[in-house]
Amino acid sequence: MGMVSFLSHINPDDLPIPEGARPADKPVLAQDHPDHALVEDFYADPRGRHFLNFISAHSDFLSALIRRDTDVFADILRCGPDEAVARRMAALPNLDQTATNDKTLMVELRRAKRAVALGVAIADLLGLWSLEKVTGTLADLADSALERASRFALRTWRGGADGTVGNDTDGFVILGMGKHGSRELNYSSDIDLIVLYDTQRLAPDDPDQLRQDMVRVTRQIIRLMEERTGEGYVFRTDLRLRPDPSVTPLAMSVRAAETYYESVGQNWERAAMIKARPVAGDHVLGEEFLTHIRPFIWRKFLDFAAIQDIHSIKRQINAYRGGAEIAVDGHNIKIGRGGIREIEFFVQTQQLIWGGRQVELREKPTCLMLDRLAEFGHVLPETAAEMKQSYHYLRRLEHRLQMVNDQQTQTMPKTPEGMAAIAQFMGHADLDAFRTTLRETLTTVAGHYARLFEESPDLGGDGSLVFTGSEDDPDTLDTLSRMGFENPSHVAERIRVWHRGRYRATRSERSRQILTELMPRILKAFGDTASPDEALQRFDNFLSGLPSGVQLFSLFQAHPVLLNLVSEILGEAPRLADWLSRKPILLDSVLGEDFFDPIVSDAPFAVSDDDDLSSALALCRDFQDILDAVRRWANDQKFRIGVQLLRGVADGDRIGPAYSAIALRALHAILPAASEEFAEQHGHIDGMGMAVIAFGKLGGGELLPMSDLDLVFVYDFAEGVTQSDGAKPLGPQVYYLRLCQRLVTAITTETGEGSLYEVDTRLRPSGKAGALATQLAGFANYYNLPDGEAWTWEHMALTRARPVYGSAALQARLTDAIHTALVQPRDPKKLLVDVDTMHNRIAREFAPKSEWDVKYRQGGLVDVEFTVQALQLAHAAENPSVLSTNTADALERLHAAGYLTEPAFTALREGLRLWRQVQAAIRLTAPGGGFDAANALEGQKRALARAAGVDAFEDLAPRMEKVAQAVRDQYEALIATPAAGYRKDLT
């Protein structure tokens, strides 16, 4: 070219310089350097000096290159960038023989990079090269540098760093991806790579060792390329486009990669593989691999779902239609609206749809494919022309941004001064004119991009939701933050795991297609919960345990309301979430018309011939099947009641009968089966048999989530019977003791269907010291006054006792025995003193940990129950109508009989209602059944407030304090104060 020709290409009017910019330093070469005079003459020429001042004003990086490598600059002046760059590139293969150590290789590669970078920049700034030549030259440099690094690393691995090359790279290939693969590399770009090796070609003695060795080779290549030294660096590398990068090694076997793409490869990875090409190493191996996965990339026939999924790659990015203003200052011209990525996706999505049948659409360069799409009638010619023009302009601007400081950036400056500088670097002396041009370019791209799939609704909602690739999309992180997620990067990473088919539920292509469509709805549902991050993490755990996903995702798609329910459950009720994770099919039942209907009936534990449990039991082949069937049914019903409680359809005051009905129905299914299984060995005993008495919450029909079953076992047998009639006969006492043990085990054992209930038998006569099963006469005598052994607190417990299983005759006898015990005349003074003494003992032994321990706090549930039970015992002799196993009903009866004033009744009834509501909500939503207000999730607080019937969680504690004080006042007035006076009388 020569310097005269070089100077002729410099037009100062096209290279504006900011006012007040510091002049460039004169490049200096030694006096004896052959090009010394050339450089001096260039600086002396006004055009040459203007060019240097232009570079100095806009690019510290290029200015530093010219000062540091003035000989390279002089070479460009002398022969032009074409020849200067070509000679540098041609010299690189010689390094295979001359660079005998890594230090030498690193130095030479970095010097070559600087020389080519300077030549490319000058050719670009002066408009000497087309965009394709600029990007293609950078890609060629990356190819050659990678080839040198690969040969050296493999030769070192083989122990042959002796300069021989031969077949050094057989069986090892590097694929260039993205802009590197399509030879469209930008000025300061990372290079996206996939490293593969062929075990058969390398024929190792130890395949496991080979895997480790290939990773080490890859690490050495990366170090040779990107380690920063005094000479700079060659290229930054990025290997995150390889299959599932968070769990796979840096280098993969070809077979493993083929298996991945054939089984769980995603449509965005199909788009990425369009650009793939062998760039270093065994090119034959690379081409064989790409040929093998060609059916994955290019599908001749696409079903509707696959096309929708391809569309969703684009539609996840919020496609703003219409003419909304685009903010130019601070805009990201790569991934922002109207940016380079939209042009690339515009092309690649069309390639995926049509390229399977039209091989002409399988090329890599973006602009070439725009022409081809127009040629084949898939886009209008004017659309292709405008997108090409926009692409060229944005790529030029991208290069200017990166030339400033050799940084991989695509973000426009935010300040007017910064914008003015970039405008001038682009050749625009007028900032407003530059802004107008850029805005028009971005608007043009955004318009074509939005119209590409106009028939398909946007998936992005209020912002971008892009989870393709291997790195976070900044706009997506912003969208997730606006949705309420505190750690959007973690959320994006989890979603990429789903899309990579890491879980069984997302392993099929169909499940991932539906999931892609659902993603905005899923994120909105969890974003609307009080603790979005926690809810989404539970959803992640939920997905990880599913055997498949198509059915569930299709259910979500058909019934969006289920997504809201699942988000509530996962965000607010971890115990329901656990069961839902085990049985996602439960969501089917939510769609039933009767799901939110009350479970309670007039005979809640009567066996029906046509209910779900009876149908399941009819299919059972053995006792184990029965245990599983009962647990499955009961847990499904508990889930149903839990959802009703969570949704506010039922509350803690009303769900007791429902939970109790479930428990009693389960007992009536399990106990006969367990008894018959026991009888197969030991036979039967004549008489009334075994009965079960329910105490506590089950006796009162007041079960809550996580409640144990307080059970007492009573038996009776015919006079004169000495043993059972089975193959292994037992005496009556031993028989019923072992039968009782068998029944408790049948209730409490955990099977593959989970647990059923814990059983507490400590309320039996004599407690832990007594036999597990009690004979009828002994049971009745135990409560007789004054000679019976029962303490007052045991009489209190008896107020909530009722027979729930056994022969009709034995249950009738037990009902009479319980009633007789409760209506015995009592010493009112001793009664109240005993009640208060027990109350004080409980207060010492079970001191409440916080105000949320509503059972034991002052004025809590114990205070209500002790008051009711004491009053029933005190007045049952004269008025048996006050007796009821249900606490709320007993309060009503005591009030109606005149034993409770209106204020006392109101205070105790309100306390009972609130404590049940709060206790039920805590058990449902708080892990471990304990509530810590300071660290509770917002979802728990919201659920607790809803269950308690207050508008906001902040209103709940003051209400609880008020109710507790009212309950405590009544306990003091009715029990504690009289007891204090009676103690003096009794002593």
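1. A cavity is here a set of grid points where a 1.4 Å probe fits but cannot get out, and its lining residues have an atom within 4 Å of a point. The structure under discussion is a predicted model, and the remarks below should be read accordingly.

2. Internal cavities. The count comes to seven cavities of 30 Å³ or more. The second largest of these has a volume of about 90 Å³. Its lining consists of Arg 22, Ala 24, Asp 25, Pro 27, Leu 52, Ile 55, Ser 56, Ser 63, Ile 66 and Arg 67. Helix 3 (46-58) and helix 4 (60-68) are the elements that give two or more residues to this lining. By class, five of the lining residues are nonpolar, two are polar and three are charged.

3. The surroundings of Ile 194. This residue lies in strand 2, which spans residues 191-197. Ile 194 counts as buried because its relative accessible area is 3%, below the 20% limit for that class. Leaving aside residues up to four places away in sequence, Ile 194 touches Val 173, Ile 174, Leu 175 and Met 177, and also Leu 241, Arg 242, Tyr 261 and Met 273. As for Leu 619, the C-alpha atoms of Ile 194 and Leu 619 are 55 Å apart in space, with their positions 425 residues apart in sequence.

4. Positive phi at Ala 203. Although Ala 203 is a residue other than glycine, its phi is positive, near 45°. Ala 203 sits in the loop between helix 10 (199-202) and helix 11 (207-226). With a relative accessible area of 55%, Ala 203 is exposed, since the class begins over 50%.

5. Positive phi at Asp 244. Asp 244 is not a glycine, yet it has a positive phi of about 45°. The residue belongs to the loop between strand 3 (237-238) and strand 4 (251-253). Asp 244 is buried, with a relative accessible area of 6%. Taken with the previous point, Ala 203 is exposed, whereas Asp 244 is buried; a reader checking the backbone may wish to view both loops.

6. Cis peptide bond. Leu 785 and Pro 786 are joined by a cis peptide bond, with omega at about 0°. Pro 786 falls in the loop between helix 35 (776-782) and helix 36 (792-798).

How values were computed: Residues numbered from 1 in each chain as written. Predicted model: local features only at pLDDT ≥ 70, side-chain atom pairs only at ≥ 80, totals over all residues. Heavy atoms only, no water. Helix = DSSP H or I, 4+ residues; strand = E, 2+ residues; numbered from the N terminus. Buried < 20%, exposed > 50% of the residue type's maximum accessible area, 1.4 Å probe, protein only. Contact = heavy atoms within 4.5 Å. 1 Å grid on protein atoms, 1.4 Å probe; cavity = no way out; pocket = protein on both sides within 12 Å on 5 of 7 lines; lining within 4 Å. Points joined across faces, edges and corners; volume = space filled by probe spheres on them. Nonpolar A, V, L, I, M, F, W, Y, C, P; charged D, E, K, R; others polar.
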